[in-house]
Each structure stands twice: as structure tokens, then as C-alpha cells.
Amino acid sequence: MAADSEDRYSRQVRFAEIAEAGQRKLAAATVAIVGCGATGSVLASLLARAGIGTLRVIDRDYIEPSNLQRQSLFDEADAAESLPKAIAAARKIAAFNSQIVVEPKVADLTPGNAEELLAGAHLILDGTDNFETRYLVNDWAVKNSLPWIYTAAVGSYTATLNILPGKTACLACIFPDPPNGMVETCETAGILNSAVNLGASIAVTETLKILVGDEKRVRRTLLSFDLWKNERAEITAATARVGCRACELHDFIHLAGEGRPHITLCGRNSVQIHERHRPLDLVQMGDKLRPHGSVRHNDFVLKFWRAPYEITLFPDGRAIIKGTTDTALARSLYARFVGS
């Protein structure tokens with residue numbers, strides 16, 4: 001290691017289970033973080049400080065003031081500028097560790113771009129907020145025999161699961177189908193930043209174990225905590241479930257895109273439209289929209305306000321429409337102001 005790296009990581013290298021050999025492995029590793037909100041921003045910060053050589057940060061969203069309570073990489077200036085989270089994360093990480101490479105990807109992970117966004121990673125981390133994307137990651141990881149770590153947090157609850165394809169249970173083993181009925185989210189149940197930090201810290205520690213090659217120490221359970229109720233639980237995940245769709249049958253329905261909607265609820269009283277992959281010139285679009293409402297844009301995102309709605313456009317044509325959960329209305333607004 002270079003002299004400056006030796007000093008930067010000296011306290012971590014003194015930890016016997018990592019040592020100099022392990023630190024070199026971390027420096028050579030590429031980790032993909034899918035989602036850079038509450039959990040993802042903590043994952044990215046901790047791994048960057050630990051010296052992971054390349055972090056690929058994949059996120060579809062932009063920063064809002066309500067994020068700052070729990071999304072520890074970001075600040076008020078990022079929210080005021082409505083920066084995409086992946087871009088802001090790369091800037092913040094560069095300020096405290098310029099030795100590593102950060103690859104920001106402002107994108108919604110889909111079956112169509114999963115190969116492009118995930119290929120070349122040694123491990124995938126879950127910073128998402130929905131099972132649809134997690135099942136997609138699980139399908140891709142199992143198909144490609146790549147380890148990944150599921151992490152979730154809502155309210156005062158957090159849970160995490162290490163998935164080593166061919167060696168442990170996968171997400172579809174534990175949850176064969178998405179949860180039915182009402183599922184609590186941070187929009188409905190709130191969230192404690194301490195729960196986010198606990199889940200992410202556990203996931204980062206497991207990541208380090210995997211990357212330095214200490215696989216025998218990798219936990220093989222679904223581990224959960226409720227910090228407010230002081231409750232802890234573990235479910236074994238040491239072996240794959242007999243008949244698992246993904247592990248045993250290799251039926252990768254989520255990777256194939258079966259039943260995937262083109263318009264989805266996106267939290268915050270919002271709808272995401274991601275069916276149109278066409279480049280948008282944000283400057284030209286701003287000129288087009290300005291007579292119809294207020295417009296603000298930077299190189300990464302355009303925001304258009306037409307009361308009571310707010311439309312956020314990305315250069316690939318994707319949009320988040322805030323002020324409704326009616327997907328038909330959202331589609332109509334997109335067609336009216338952006339084009340069909």
C-alpha cells in the first residue's frame with residue numbers, strides 16, 4: 001500500500017481479521033449499491049471510508065429536505081439544488097476519500113439495464129425501498145453466482161440477510177412471494193435514523209467479511225432488530241429452500257420482466273413513469289415548459305411546478321410526478337407536458 005493509504009487505513013489494518021492483505025483485497029473490490037437513500041447513503045459512506053476501491057452507486061431519485069433526517073451523506077445545499085442522490089454521493093465521497101473510484105448511475109434498475117449496471121461488481125448491496133427491485137437483484141445475483149446483501153429499515157425495525165448463491169438461502173427462499181396487503185413504509189410508519197444506521201452497519205461488516213475472504217464468519221440468518229421494542233430475532237438461512245423458484249428451478253421471472261409495471265407508486269404522494277427511454281434535452285424542455293409553470297433545472301434533473309403538481313424529469317425521459325397517486329392522471333400529465 002502507498003504511504004498515504006497506510007496512514008488512512010492504519011486502524012483498520014491493525015484489526016487482525018483484515019490486516020494488510022485484507023485491505024489490499026478491499027482496494028481491488030467493486031461493490032454495487034442499489035439505492036442511495038437512507039440505507040444506501042450509510043452503506044456508501046462506510047464502505048468509502050473503509051477503502052473499497054470502486055463503489056457503483058445506482059439511484060433513480062433526487063434529494064429533498066425530508067431526506068436529511070436519515071440520509072447521512074447529504075446536506076441542505078444538495079436538497080436545495082435537487083441533486084440526484086447518486087451524483088451528490090459521488091461528490092461527497094470525493095471530498096473525504098479521493099483515493100477510491102465512485103461511479104454514479106442516475107438510473108432506475110430494470111431488467112433491461114441490470115446487466116449494464118451490475119456487471120463487474122464483486123458484491124451487490126441493497127439500499128432500495130421495494131421488493132420489486134430486490135427480487136430483480138436476487139434473480140440477477142443468483143443467475144450470476146454473485147453475493148448480495150438484503151437490508152431493510154422502517155419505523156424502529158431493521159433486518160438484513162446475506163445471500164451467497166449456491167451456499168445459502170436466497171431472498172426467494174425466505175420470501176417466495178411479495179408481502180400481501182398493506183406494507184408499512186417510511187412514508188406511513190416513519191423511520192428512525194438509528195435503525196437505518198444499525199442495519200447498514202451490520203451489512204457493511206458482512207461485506208468486509210466476504211470481500212477479505214473470511215466466509216466462515218459470514219452470518220447465515222435473516223437477522224432483525226426492533227430498537228424501540230428491544231426485540232431481536234433470527235431465522236436460519238443456511239440452506240436453500242427445496243423447490244425455490246430462483247435457487248433450484250432457475251426461473252428468473254423478475255429478471256425476465258414478467259408483470260413489471262411501467263408506472264409505479266414512488267412514495268411521497270408520487271408516481272414514477274419509467275416506460276419511455278428517450279433522451280431529453282433539459283434546456284429545450286425547460287424552454288417548452290416555462291410558459292406553463294415554474295421551471296428549474298441543472299445538468300442532471302429538471303423540476304417543473306404546475307399547481308398542485310410537481311414534475312421531475314431526468315435526461316433519459318423518466319419522470320417522477322408528485323401530488324398524486326393516480327397512475328392514470330400521472331400518465332395524462334406526462335403526455336400533456338412532456339409528450340406521449
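This is a short walk through one sheet and the helices that lie across it, in a model that is predicted.

Let me begin with the sheet, which is open, has 8 strands with mixed pairing, and follows the order E3-E2-E1-E4-E5-E6-E7-E8. Strand E3, residues 101-106, and strand E8, residues 231-236, stand at the edges, and because each has a single partner strand, one side of each is left without a neighbour in the sheet. On average, and with direction ignored, neighbouring strands of this sheet are turned by 15 degrees against each other.

If we stay at the E3 edge, the partner there is strand E2, residues 54-59, which runs parallel to E3 and is joined to it by 6 bridges; within this pairing, arginine 56 stands opposite glutamate 103 of E3. Lying across both E2 and E3 is helix H6, residues 85-96, which runs at about 165 degrees to E3.

Moving along, helix H11, residues 193-212, lies across strands E1, E4, E5, E6 and E7, and runs at about 170 degrees to E5.

Which helix packs against H11 at an angle of about 45 degrees? That is H4, residues 38-50, and the axes of H4 and H11 are 9 Å apart. Since an angle of about 45 degrees falls outside the parallel, antiparallel and perpendicular ranges, H4 and H11 are therefore oblique to each other, and their crossing is right-handed. On the H4 side the contact includes Val42, Leu43, Leu46 and Leu47, and on the H11 side it includes Val196, Ala200, Val204 and Leu208. Taken as a whole, the residues of this contact divide into 11 nonpolar and 4 polar, with no charged ones.

Conventions. Residues numbered from 1 in each chain as written. Predicted model: local features only at pLDDT ≥ 70, side-chain atom pairs only at ≥ 80, totals over all residues. Heavy atoms only, no water. Pairing = 2+ DSSP bridges. Helix = DSSP H or I, 4+ residues; strand = E, 2+ residues; numbered from the N terminus. Axes fitted to C-alpha atoms, helices over the stretch in contact; angles between N-to-C directions. Contact = heavy atoms within 4.5 Å. Parallel < 35°, antiparallel > 145°, perpendicular 65-115°, else oblique. Left-handed = near helix turned anticlockwise from the far one by under 90°. Nonpolar A, V, L, I, M, F, W, Y, C, P; charged D, E, K, R; others polar.
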